[in-house]
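Reader: Hello! I am new to this structure and would love a close look at a single part of it, the surroundings of the ligand. Could you walk me through them slowly?

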Amino acid sequence: MSGRLEGRVAVVTGAGDGIGAGVARLFAAEGARVLVAEIDEEKGRAVAEEIGGLFVRVDVTDREQVEGMVATAVDTWGRIDVLVNNAWGSVGHLGRVEHKSDETLERGFTMGYFGPFWAMRAAFPHMLAAGWGRVINMVSLNGVNAHIGSLEYNSAKEALRTLTRTAAREWAPTGVVVNAIAPGAKTAALNRRIAQNPDIAAAVDSANPMGRLGDPLTDIAPVALFLASEDSRYVTGNTIFADGGGHINGVAWAPELPDEPAG
Ligand SMILES: NC(=O)c1ccc[n+]([C@@H]2O[C@H](COP(=O)([O-])OP(=O)(O)OC[C@H]3O[C@@H](n4cnc5c(N)ncnc54)[C@H](O)[C@@H]3O)[C@@H](O)[C@H]2O)c1
(Lines give C-alpha, C1' and ligand atoms only; values in the text may rest on other atoms or scores of the structure.)
Protein backbone atom coordinates (compact mmCIF):
# COMPACT_ATOMS: atom_id res chain seq x y z
CA MET A 1 0.00 0.00 0.00
CA SER A 2 1.14 3.53 -0.74
CA GLY A 3 0.08 5.37 2.43
CA ARG A 4 -2.24 7.77 0.65
CA LEU A 5 -4.02 8.57 3.92
CA GLU A 6 -0.93 8.77 6.12
CA GLY A 7 -1.56 11.16 9.02
CA ARG A 8 -5.30 11.38 8.32
CA VAL A 9 -8.13 10.64 10.75
CA ALA A 10 -11.24 9.06 9.26
CA VAL A 11 -14.64 8.39 10.80
CA VAL A 12 -16.66 5.71 9.04
CA THR A 13 -20.23 5.03 10.16
CA GLY A 14 -21.64 1.53 9.78
CA ALA A 15 -18.08 0.26 9.50
CA GLY A 16 -18.81 -3.09 11.10
CA ASP A 17 -20.01 -4.74 7.89
CA GLY A 18 -20.40 -4.42 4.14
CA ILE A 19 -19.16 -1.34 2.33
CA GLY A 20 -18.28 0.51 5.54
CA ALA A 21 -16.04 -2.34 6.67
CA GLY A 22 -14.37 -2.42 3.25
CA VAL A 23 -13.75 1.33 3.40
CA ALA A 24 -12.41 1.14 6.97
CA ARG A 25 -10.04 -1.69 6.00
CA LEU A 26 -8.64 0.12 2.96
CA PHE A 27 -8.32 3.47 4.75
CA ALA A 28 -6.39 1.82 7.59
CA ALA A 29 -4.17 -0.02 5.11
CA GLU A 30 -3.43 3.38 3.51
CA GLY A 31 -2.26 4.81 6.81
CA ALA A 32 -5.38 6.47 8.29
CA ARG A 33 -6.40 6.24 11.90
CA VAL A 34 -9.97 4.99 11.62
CA LEU A 35 -12.86 5.44 14.03
CA VAL A 36 -15.21 2.53 13.48
CA ALA A 37 -18.66 3.94 14.30
CA GLU A 38 -21.15 1.11 14.44
CA ILE A 39 -24.38 0.20 16.21
CA ASP A 40 -23.50 -3.51 16.34
CA GLU A 41 -20.90 -3.75 19.07
CA GLU A 42 -19.60 -7.20 18.17
CA LYS A 43 -19.09 -6.43 14.48
CA GLY A 44 -17.69 -2.96 15.14
CA ARG A 45 -15.19 -4.18 17.71
CA ALA A 46 -14.05 -6.98 15.42
CA VAL A 47 -13.30 -4.62 12.52
CA ALA A 48 -11.63 -2.05 14.79
CA GLU A 49 -9.42 -4.73 16.31
CA GLU A 50 -8.48 -6.14 12.91
CA ILE A 51 -7.38 -2.77 11.50
CA GLY A 52 -5.97 -1.23 14.67
CA GLY A 53 -8.76 1.37 14.75
CA LEU A 54 -10.96 2.73 17.50
CA PHE A 55 -14.46 1.36 18.00
CA VAL A 56 -17.23 3.66 19.19
CA ARG A 57 -20.76 2.35 19.52
CA VAL A 58 -22.91 4.84 17.65
CA ASP A 59 -26.54 4.82 16.60
CA VAL A 60 -26.61 7.37 13.78
CA THR A 61 -30.28 8.11 14.50
CA ASP A 62 -29.26 9.67 17.84
CA ARG A 63 -27.92 13.21 17.53
CA GLU A 64 -25.97 13.16 20.79
CA GLN A 65 -24.23 9.95 19.82
CA VAL A 66 -23.36 11.30 16.37
CA GLU A 67 -21.93 14.49 17.84
CA GLY A 68 -20.12 12.40 20.45
CA MET A 69 -18.59 10.31 17.64
CA VAL A 70 -17.02 13.38 16.05
CA ALA A 71 -15.90 14.67 19.45
CA THR A 72 -14.25 11.34 20.24
CA ALA A 73 -12.20 11.44 17.04
CA VAL A 74 -11.08 15.00 17.78
CA ASP A 75 -10.39 14.29 21.48
CA THR A 76 -8.41 11.14 20.63
CA TRP A 77 -6.40 12.28 17.65
CA GLY A 78 -6.82 16.07 17.60
CA ARG A 79 -8.49 16.15 14.18
CA ILE A 80 -11.08 14.73 11.82
CA ASP A 81 -10.06 14.78 8.17
CA VAL A 82 -12.46 12.36 6.52
CA LEU A 83 -16.10 11.62 7.33
CA VAL A 84 -17.84 8.72 5.62
CA ASN A 85 -21.60 8.68 6.21
CA ASN A 86 -22.31 5.07 5.32
CA ALA A 87 -24.57 3.54 7.99
CA TRP A 88 -28.03 2.39 7.10
CA GLY A 89 -30.31 -0.04 8.91
CA SER A 90 -33.72 -1.25 7.90
CA VAL A 91 -36.44 1.18 8.91
CA GLY A 92 -39.54 -0.06 7.16
CA HIS A 93 -41.16 -2.61 4.92
CA LEU A 94 -41.43 -2.98 1.18
CA GLY A 95 -44.74 -1.20 0.71
CA ARG A 96 -46.12 1.12 -1.90
CA VAL A 97 -46.46 4.87 -1.31
CA GLU A 98 -50.10 4.67 -0.22
CA HIS A 99 -49.20 2.23 2.56
CA LYS A 100 -46.28 4.10 4.09
CA SER A 101 -46.72 5.45 7.61
CA ASP A 102 -45.42 8.76 8.90
CA GLU A 103 -43.23 6.81 11.33
CA THR A 104 -41.53 4.87 8.53
CA LEU A 105 -40.78 8.07 6.64
CA GLU A 106 -39.52 9.74 9.81
CA ARG A 107 -37.23 6.80 10.59
CA GLY A 108 -35.89 6.87 7.05
CA PHE A 109 -35.07 10.55 7.19
CA THR A 110 -33.53 10.29 10.66
CA MET A 111 -31.28 7.43 9.53
CA GLY A 112 -30.45 8.55 6.01
CA TYR A 113 -30.53 12.33 6.19
CA PHE A 114 -30.31 13.68 9.74
CA GLY A 115 -27.57 11.28 10.87
CA PRO A 116 -25.22 12.40 8.08
CA PHE A 117 -26.30 16.03 8.53
CA TRP A 118 -25.50 16.01 12.26
CA ALA A 119 -22.12 14.42 11.57
CA MET A 120 -21.25 16.94 8.84
CA ARG A 121 -22.33 19.89 10.98
CA ALA A 122 -20.20 18.68 13.88
CA ALA A 123 -17.16 17.84 11.74
CA PHE A 124 -17.08 20.97 9.59
CA PRO A 125 -15.63 23.44 12.15
CA HIS A 126 -12.64 21.11 12.65
CA MET A 127 -12.13 20.67 8.91
CA LEU A 128 -12.49 24.42 8.38
CA ALA A 129 -9.85 25.11 11.02
CA ALA A 130 -7.53 22.63 9.31
CA GLY A 131 -8.30 24.04 5.85
CA TRP A 132 -8.81 20.48 4.61
CA GLY A 133 -11.63 17.98 4.79
CA ARG A 134 -13.36 15.19 2.93
CA VAL A 135 -17.01 14.16 3.31
CA ILE A 136 -18.28 11.06 1.52
CA ASN A 137 -21.97 10.22 1.65
CA MET A 138 -23.32 6.84 0.56
CA VAL A 139 -26.41 7.35 -1.56
CA SER A 140 -28.34 5.00 -3.80
CA LEU A 141 -29.52 4.32 -7.29
CA ASN A 142 -32.80 3.41 -5.59
CA GLY A 143 -33.42 7.09 -5.03
CA VAL A 144 -32.08 8.26 -8.40
CA ASN A 145 -34.24 5.77 -10.30
CA ALA A 146 -37.17 5.73 -7.83
CA HIS A 147 -37.24 1.97 -7.36
CA ILE A 148 -40.52 0.66 -6.04
CA GLY A 149 -41.35 -0.24 -2.44
CA SER A 150 -38.75 1.83 -0.57
CA LEU A 151 -40.02 5.41 -0.48
CA GLU A 152 -38.37 6.22 2.87
CA TYR A 153 -34.99 5.02 1.59
CA ASN A 154 -35.28 6.63 -1.85
CA SER A 155 -36.37 9.98 -0.43
CA ALA A 156 -33.81 10.14 2.36
CA LYS A 157 -30.98 9.21 -0.01
CA GLU A 158 -32.01 11.85 -2.55
CA ALA A 159 -32.23 14.43 0.25
CA LEU A 160 -28.72 13.37 1.22
CA ARG A 161 -27.57 14.04 -2.35
CA THR A 162 -29.02 17.54 -2.08
CA LEU A 163 -27.22 18.03 1.23
CA THR A 164 -24.03 16.81 -0.44
CA ARG A 165 -24.31 19.34 -3.26
CA THR A 166 -25.38 22.23 -1.04
CA ALA A 167 -22.50 21.67 1.39
CA ALA A 168 -20.13 21.20 -1.54
CA ARG A 169 -21.18 24.55 -2.96
CA GLU A 170 -21.04 26.40 0.36
CA TRP A 171 -17.77 24.85 1.54
CA ALA A 172 -15.97 24.95 -1.83
CA PRO A 173 -13.68 27.84 -0.82
CA THR A 174 -12.61 26.15 2.43
CA GLY A 175 -10.64 23.10 1.30
CA VAL A 176 -13.48 20.80 2.32
CA VAL A 177 -14.90 18.74 -0.55
CA VAL A 178 -18.14 16.82 -0.32
CA ASN A 179 -19.12 13.97 -2.64
CA ALA A 180 -21.44 11.00 -2.80
CA ILE A 181 -21.00 7.42 -3.92
CA ALA A 182 -23.92 5.40 -5.26
CA PRO A 183 -22.53 1.89 -4.87
CA GLY A 184 -23.62 -1.49 -6.09
CA ALA A 185 -22.11 -4.19 -3.91
CA LYS A 186 -22.91 -7.66 -2.75
CA THR A 187 -23.15 -7.14 1.01
CA ALA A 188 -24.99 -8.86 3.83
CA ALA A 189 -27.85 -6.38 3.51
CA LEU A 190 -28.38 -7.22 -0.14
CA ASN A 191 -27.99 -10.94 0.50
CA ARG A 192 -30.77 -10.71 3.10
CA ARG A 193 -33.01 -8.97 0.58
CA ILE A 194 -32.17 -11.59 -2.04
CA ALA A 195 -33.07 -14.36 0.41
CA GLN A 196 -36.54 -12.83 0.76
CA ASN A 197 -37.02 -12.72 -2.98
CA PRO A 198 -34.72 -14.97 -5.06
CA ASP A 199 -35.94 -13.32 -8.29
CA ILE A 200 -33.88 -10.30 -7.29
CA ALA A 201 -30.64 -12.30 -7.33
CA ALA A 202 -30.99 -13.24 -10.97
CA ALA A 203 -32.18 -9.75 -11.88
CA VAL A 204 -29.35 -7.84 -10.22
CA ASP A 205 -26.57 -9.90 -11.73
CA SER A 206 -27.98 -10.26 -15.23
CA ALA A 207 -29.07 -6.62 -15.44
CA ASN A 208 -25.67 -5.30 -14.44
CA PRO A 209 -23.59 -4.34 -17.49
CA MET A 210 -20.52 -6.01 -15.95
CA GLY A 211 -22.58 -9.07 -15.05
CA ARG A 212 -21.95 -8.87 -11.33
CA LEU A 213 -22.37 -6.72 -8.28
CA GLY A 214 -19.27 -5.18 -6.75
CA ASP A 215 -17.06 -6.18 -3.87
CA PRO A 216 -16.98 -3.72 -0.93
CA LEU A 217 -13.20 -3.84 -0.50
CA THR A 218 -11.92 -4.12 -4.05
CA ASP A 219 -14.61 -2.31 -6.06
CA ILE A 220 -16.17 0.33 -3.78
CA ALA A 221 -13.51 1.22 -1.19
CA PRO A 222 -10.95 2.40 -3.81
CA VAL A 223 -13.48 5.00 -5.00
CA ALA A 224 -13.88 6.19 -1.41
CA LEU A 225 -10.08 6.25 -1.11
CA PHE A 226 -9.83 8.60 -4.09
CA LEU A 227 -12.49 10.88 -2.59
CA ALA A 228 -10.70 10.80 0.79
CA SER A 229 -7.28 11.56 -0.65
CA GLU A 230 -5.45 14.67 -1.81
CA ASP A 231 -6.25 13.65 -5.40
CA SER A 232 -9.90 14.75 -5.06
CA ARG A 233 -9.07 18.37 -4.15
CA TYR A 234 -10.80 19.77 -7.29
CA VAL A 235 -13.76 17.38 -7.14
CA THR A 236 -16.84 18.38 -5.17
CA GLY A 237 -20.62 17.97 -5.30
CA ASN A 238 -20.48 14.80 -7.39
CA THR A 239 -22.21 11.48 -7.22
CA ILE A 240 -19.92 8.69 -8.40
CA PHE A 241 -21.80 5.59 -9.46
CA ALA A 242 -19.57 2.68 -8.42
CA ASP A 243 -21.89 0.04 -9.80
CA GLY A 244 -20.38 -1.65 -12.84
CA GLY A 245 -22.37 0.68 -15.07
CA GLY A 246 -25.72 -0.27 -13.53
CA HIS A 247 -26.95 3.31 -13.54
CA ILE A 248 -26.46 3.82 -17.28
CA ASN A 249 -29.68 2.18 -18.38
CA GLY A 250 -31.03 1.68 -14.87
CA VAL A 251 -30.82 -1.79 -13.37
CA ALA A 252 -34.13 -3.49 -12.59
CA TRP A 253 -33.01 -4.70 -9.17
CA ALA A 254 -36.59 -5.37 -8.12
CA PRO A 255 -38.79 -5.71 -11.21
CA GLU A 256 -42.13 -6.30 -9.48
CA LEU A 257 -41.79 -6.61 -5.74
CA PRO A 258 -44.97 -7.54 -3.92
CA ASP A 259 -46.59 -4.87 -1.82
CA GLU A 260 -46.39 -5.37 1.96
CA PRO A 261 -49.11 -3.13 3.31
CA ALA A 262 -48.57 -3.95 7.01
CA GLY A 263 -46.42 -1.74 9.22
N1 LIG B 1 -24.86 -2.64 -1.05
C2 LIG B 1 -25.31 -1.92 -2.07
O3 LIG B 1 -25.35 -2.37 -3.21
C4 LIG B 1 -25.78 -0.52 -1.84
C5 LIG B 1 -26.47 0.12 -2.88
C6 LIG B 1 -26.86 1.44 -2.72
C7 LIG B 1 -26.55 2.11 -1.55
N8 LIG B 1 -25.89 1.46 -0.55
C9 LIG B 1 -25.59 2.23 0.67
O10 LIG B 1 -24.28 1.94 1.12
C11 LIG B 1 -24.26 1.96 2.55
C12 LIG B 1 -23.71 0.64 3.08
O13 LIG B 1 -24.54 -0.42 2.63
P14 LIG B 1 -24.17 -1.95 2.88
O15 LIG B 1 -24.79 -2.71 1.78
O16 LIG B 1 -22.72 -2.09 3.15
O17 LIG B 1 -25.01 -2.24 4.23
P18 LIG B 1 -24.72 -3.30 5.41
O19 LIG B 1 -26.04 -3.60 6.03
O20 LIG B 1 -23.89 -4.44 4.89
O21 LIG B 1 -23.86 -2.46 6.43
C22 LIG B 1 -24.44 -1.37 7.13
C23 LIG B 1 -23.79 -1.24 8.48
O24 LIG B 1 -24.43 -0.15 9.17
C25 LIG B 1 -24.71 -0.56 10.51
N26 LIG B 1 -25.86 0.19 11.03
C27 LIG B 1 -27.18 -0.04 10.82
N28 LIG B 1 -27.92 0.86 11.49
C29 LIG B 1 -27.05 1.68 12.13
C30 LIG B 1 -27.22 2.80 12.98
N31 LIG B 1 -28.45 3.25 13.30
N32 LIG B 1 -26.12 3.41 13.47
C33 LIG B 1 -24.87 2.95 13.15
N34 LIG B 1 -24.65 1.89 12.37
C35 LIG B 1 -25.73 1.27 11.86
C36 LIG B 1 -25.02 -2.04 10.39
O37 LIG B 1 -24.89 -2.70 11.64
C38 LIG B 1 -23.98 -2.49 9.36
O39 LIG B 1 -22.76 -2.84 9.98
C40 LIG B 1 -25.69 2.28 3.00
O41 LIG B 1 -25.83 3.65 3.21
C42 LIG B 1 -26.51 1.85 1.82
O43 LIG B 1 -27.74 2.51 1.75
C44 LIG B 1 -25.51 0.16 -0.66
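Which helices each supply at least two residues of the shell around the ligand?

Author: Happy to take you there. Please keep in mind that this is a predicted model.

The helices you ask about are α1 (18-29), α6 (151-171) and α7 (188-196), and each of them supplies at least two residues of the shell around the ligand. In total, 26 residues surround the ligand, and the ones that come nearest are Glu38, Asn86, Tyr153, Lys157 and Thr187. Sorted by class, the shell has 13 nonpolar residues, 8 polar ones and 5 charged ones.

Now let us look at some individual contacts. At Thr187, an N or O atom of the side chain is 2.5 Å from an oxygen atom of the ligand. Backbone atoms take part as well: a polar backbone atom of Ile19 lies 2.8 Å from an oxygen atom of the ligand. For Ile39, a polar backbone atom is 3.4 Å from a nitrogen atom of the ligand. On its own, the ligand has 830 Å² of accessible area, and the protein covers 90% of that.

Asn86 is a good residue to follow next. Besides being one of the residues that come nearest to the ligand, Asn86 is part of the lining of the largest cavity. The structure holds 1 cavity of 30 Å³ or more, and the volume of the largest cavity is about 50 Å³. Other residues of its lining include Thr13, Val60, Met69, Asn85 and Ala87. Two helices, α3 (63-77) and α4 (102-130), each give at least two residues to this lining. The largest share, 4 residues, comes from α4. By class, the lining of the largest cavity has 7 nonpolar and 4 polar residues, with no charged ones.

From α4 we can step to the loop between β4 (82-85) and α4, where Lys100 is found. Lys100 has a relative accessibility of 12%, so this residue counts as buried, the cut-off being under 20%. What does its side chain reach? The side chain of Lys100 comes to 3.0 Å from the backbone oxygen of Gly149. The Lys100 side chain also makes a polar contact, at 2.8 Å, with the side chain of Glu152. Glu152 falls within the span of α6 (151-171), and that brings us back to one of the helices you asked about.

Conventions
Residues numbered from 1 in each chain as written. Predicted model: local features only at pLDDT ≥ 70, side-chain atom pairs only at ≥ 80, totals over all residues. Heavy atoms only, no water. Near = heavy atom within 4 Å. Polar contact = N/O pair within 3.5 Å; in protein donor to acceptor, adjacent residues only side chain to side chain. Areas by Shrake-Rupley, 256 points an atom, 1.4 Å probe, with all protein chains shown as cover. Nonpolar A, V, L, I, M, F, W, Y, C, P; charged D, E, K, R; others polar. 1 Å grid on protein atoms, 1.4 Å probe; cavity = no way out; pocket = protein on both sides within 12 Å on 5 of 7 lines; lining within 4 Å. Points joined across faces, edges and corners; volume = space filled by probe spheres on them. Buried < 20%, exposed > 50% of the residue type's maximum accessible area, 1.4 Å probe, protein only.
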